[in-house]
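User: Please pick one part of this structure and look at it closely. Explain how it sits among the parts around it, in words a first-year student can follow.

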Amino acid sequence: DVLFELQPPVSTQDELSDDVFCTFSTSGSKIAATAIDNNVRIFDSRTGGLDHVLHGHQDVISRVAFSPSGSRLLSASRDRTAKVWAVANGALLQSLEGHSSEILTCSFNYSGDVILTGSHDSSCCVWKS
């Protein structure tokens, strides 16, 4: 049974991506979801309530990942950047630039102090978090 449905914004533009990516935090208390408006939303997983809208990417967001502690969120975008956000207040903590094409995937290592990004430019970058 569906508990609730998280509604991303809807656009009437024909050429926007219909891709939506969502994931739970490690504790399961938060959900991060991408949307066609180039923003990430953080929801409370118990109520479905919206905690924060994270603005900063200039193109579609391809992937999001929580840090192992759940205190930070990593987003990867077609705008060739990855961004690190504070889950508690939605603040932008770090912007990672260096790929020459869209970033398709991202993740934190087990301890949360290193970030890995993979791009359509056929490269993987390792970053200090």
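Analyst: Two residues are in contact here when heavy atoms of theirs lie within 4.5 Å. The model is a predicted one. The part chosen is strand β7, residues 81-86, and a second region, around Val-40 in strand β3, is taken up after it.

First, the setting. The protein chain has 11 strands and zero helices, so read from the N terminus its elements are β-β-β-β-β-β-β-β-β-β-β, by the DSSP definition of a strand. Of its 129 residues, 43% are buried. Among the contacts that span a separation of 6 or more, 34% join residues 24 or more positions apart. The chain exposes about 7,100 Å², and 50% of that area comes from carbon and sulfur atoms.

Now to β7 itself. How many of its six residues are buried? Six of the six are, so the strand is largely enclosed by the rest of the structure. The term buried stands for a relative accessible area under 20%. The side chains can be sorted by direction: Thr-81, Lys-83 and Trp-85 point one way from β7, while Ala-82, Val-84 and Ala-86 point the other way. Residues of both groups are buried. Lys-83, for example, belongs to the group that includes Trp-85, and it too is buried.

Next come the strands that pair with β7. On the side of strand β6, residues 72-77, the two strands run antiparallel and five bridges join them. One pairing there sets Leu-73 against Trp-85 of β7. The two strands make a hairpin, with three residues between them. Arg-80 sits in that loop between β6 and β7. Its phi is positive, near 75°, and Arg-80 is a residue other than glycine. What makes that worth noting is a general pattern: most residues other than glycine have a negative phi. Is Arg-80 buried, partly exposed or exposed? With a relative accessibility of 42%, it counts as partly exposed, whereas the residues of β7 that follow in the strand are buried.

Strand β8, residues 92-97, also pairs with β7, again in the antiparallel sense and over five bridges. Here Trp-85 stands opposite Leu-92. Trp-85 is thus set against Leu-73 from β6 and against Leu-92 from β8. β7 and β8 form a hairpin as well, with five residues between the strands. Gly-90 in that hairpin takes a positive phi near 80°.

Leu-73, the bridge partner of Trp-85, leads to the second region. Leu-73 is one of the residues in contact with Val-40, once neighbours within four places in sequence are left aside. The other residues in that list are Ala-32, Ala-33, His-52, Val-53, Leu-54, Ile-61, Val-64 and Ser-75. Val-40 lies in strand β3, residues 40-44. It is buried, with a relative accessible area of 0%. Gly-56 comes 16 residues away along the chain, and its C-alpha atom is 9.1 Å from that of Val-40.

Which strands surround Val-40 in its sheet? The sheet is open, its four strands come in the order β1-β2-β3-β4, and the pairing is antiparallel. β1 (22-24) and β4 (50-54) stand at the edges with a single partner strand each, so one side of each has no neighbour in the sheet. From one strand to the next the twist averages 15°. β3 and β4 are joined by four bridges, and one of these pairings matches Val-40 with Leu-54 of β4. Leu-54 also appears among the contacts of Val-40.

The loop before β3 deserves a short look. Asp-37 lies between β2 (30-34) and β3, and Asn-38 is placed in that loop too. Asp-37 is partly exposed at 27% relative accessible area, and its side chain reaches the backbone nitrogen of Asn-39 at 3.2 Å. Its C-alpha atom is 9.1 Å from that of Gln-58, which is 21 residues away along the chain. Asn-38 has a relative accessible area of 18%, so it counts as buried. Asn-38 is not a glycine, yet its phi is positive, at about 70°.

In short, β7 is a buried strand that pairs with β6 and with β8.

Technical notes. Residues numbered from 1 in each chain as written. Heavy atoms only, no water. Buried < 20%, exposed > 50% of the residue type's maximum accessible area, 1.4 Å probe, protein only. Pairing = 2+ DSSP bridges. Axes fitted to C-alpha atoms, helices over the stretch in contact; angles between N-to-C directions. Areas by Shrake-Rupley, 256 points an atom, 1.4 Å probe, with all protein chains shown as cover. Polar contact = N/O pair within 3.5 Å; in protein donor to acceptor, adjacent residues only side chain to side chain.
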